[in-house]
Amino acid sequence: MTPPVQTSALDPIAVLRGFASLRRLAGSYPAGHPMIGQKLRELDEIISGLLRTGSPVRIDVIRGDVFLDGVASSSEHQANQQLLSQLSALGIDSIHIHDGVQRDELLAVAEFLWQSPDSPDSTASQLAGRNVRHITLGRLLPLDTRWRARHWADAPTGPLDPDYAESILMAQKAWDDATAGKPLDVVTVRDLVQILIHKVARSNAALGQILAVKQYENLTYCHSVNVAVLSLLLGKQIGLADATLAALAEAALLHDVGKTQIPVDIVRKPGALDKSERRMIESHTTLGAEILIQTEGLHPLTPTVALEHHRTVKGTGYPDLGAAIPHPMSQIVSVADIYEAITGARSYQAPTPPERACLIMARLAGEKLNTGLVKLFVNAVTFFPVGSLVRTSRNELGIVVRTNRREPLHPLLALVDDGTYQPVCRVDTAARESSGAYARHITHSVPAPDELDLRLFLEPAHAG
Ligand SMILES: [Fe+2]
């Protein structure tokens, strides 16, 4: 029995395999050899099949997985490792094939691969020299160099503040329900808001886990909980009344709920997005607002924040709402959202430490974010927030256990052993020597390993 053609015809691996065999044949046989002609025909057929479903055909190899137009191939992974490492060794991890491609272009590309040229000319100009007009090869675009990156966990992996852990579980349930198309459970949302306000946002241990560098890629429900807590932090700094804080926490918690309506492959896509994918991602704002408008019992501003949180104080951003400036509540959530995203990991980048995140936020102030809110936020967070693991100028390792309002760069530290992370002693980095100089400075923050249990150093959530 012949295997079904359809499946393999739409498999990007078949294209890569075709190029690899053609490359081998072109290196072993003279031009015009029937074996080359046969392989060329096969490859042409596969590519024509793919082009019928849309042009260009984009094949990316990211972290050893093959993606066709951004969607992971379902082919057996193991069998392709050798092929993928061959291509990777050639420096090729992205092949784009446009409609109108000719067989002699396929052959030219295969020959190019065979010669694996060490030329100062760019791949593009070398291909152009071979008259290849419908195929581009190369390293992925800078935004796409994610195949190099490590794979991050989806959620915090270390021991968590118990209330924070509970709130993440509740958010996950609400998120999963929304993904399954079930209506939002407003009672759960309200309970969650209360836990966030009265417990999580009052717990130094939880705040530490949210403010410091996060070694996980949290695109969904964890992100929502974190943004809600950070919004509360900023809301309290502004002096918002309790009822407004509750509305803020609700809106922040649900700001990205529209993402439940977008295929997870696109939300988590490791490669750069094309126009239609970008439009789809951007639609999470309007989709979220629609879901929230239809949900009875929510605060009236909750859909507004979902709609506006990617709009800037200059009236730009998405969705296009003319020159309208976002509601202050949306502006608060935007600040929290951006800090959370910067200090979290992404498949293509390591998380940014708080001190750098604060500088990045400062650059966005006035352009994207409200300057006054950024100042208040950075004051609340400080460069070295509670829970950060930091290195001092005396090469000590310590955890920030209390920030110093008057001297934000000189918090109180619990020093820990460099190898075991056991507590050593406490030092006040604001202490000065007899000369008047600080006894020590914090030089930088460092990512905290899972073995470091912040709960041993920081207060858990207050009861009640
Ligand atoms: Fe968003």
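Two worked exercises on helix packing follow.

This is a predicted model, in which local features need pLDDT of at least 70 and side-chain atom pairs count only at pLDDT 80 or more, whereas totals for chains, interfaces and linings use all residues. Residues are numbered from 1 along each chain as its sequence is written.

**Exercise 1.** Determine which residues of helix α8 are buried and what they pack against.

*Solution.* Begin with the helix itself, taking helices as DSSP runs of H or I with at least four residues, numbered from the N terminus: α8 spans residues 186-198. Next, apply the burial criterion, by which a residue is buried if 20 or more other C-beta atoms, placed from the backbone, lie within 10 Å of its own, exposed if 12 or fewer, and partly exposed in between. The buried residues are then Val 189, Leu 192, Val 193, Leu 196 and Ile 197. Because these cover an arc of only 130 degrees around the axis (taken from the directions from the helix axis to the C-beta atoms), they lie on the same side of α8. The face turned away from that buried side carries the exposed residues Val 187 and Gln 194. Finally, with contact meaning C-beta atoms within 7 Å, the buried residues pack against α7 (162-179), α10 (221-238) and α11 (242-253).

**Exercise 2.** Identify which residues of α16 meet which residues of α17.

*Solution.* First locate the two helices, α16 at residues 328-343 and α17 at residues 354-364. Then list the partners: Ile 338, Tyr 339, Ile 342 and Thr 343 in α16 meet Pro 354, Ala 357, Ile 360, Met 361 and Leu 364 in α17.

Definitions and conventions: Expected span 1.5 Å × (residues − 1). Contact = placed C-beta atoms within 7 Å. Axes fitted to C-alpha atoms, helices over the stretch in contact; angles between N-to-C directions.
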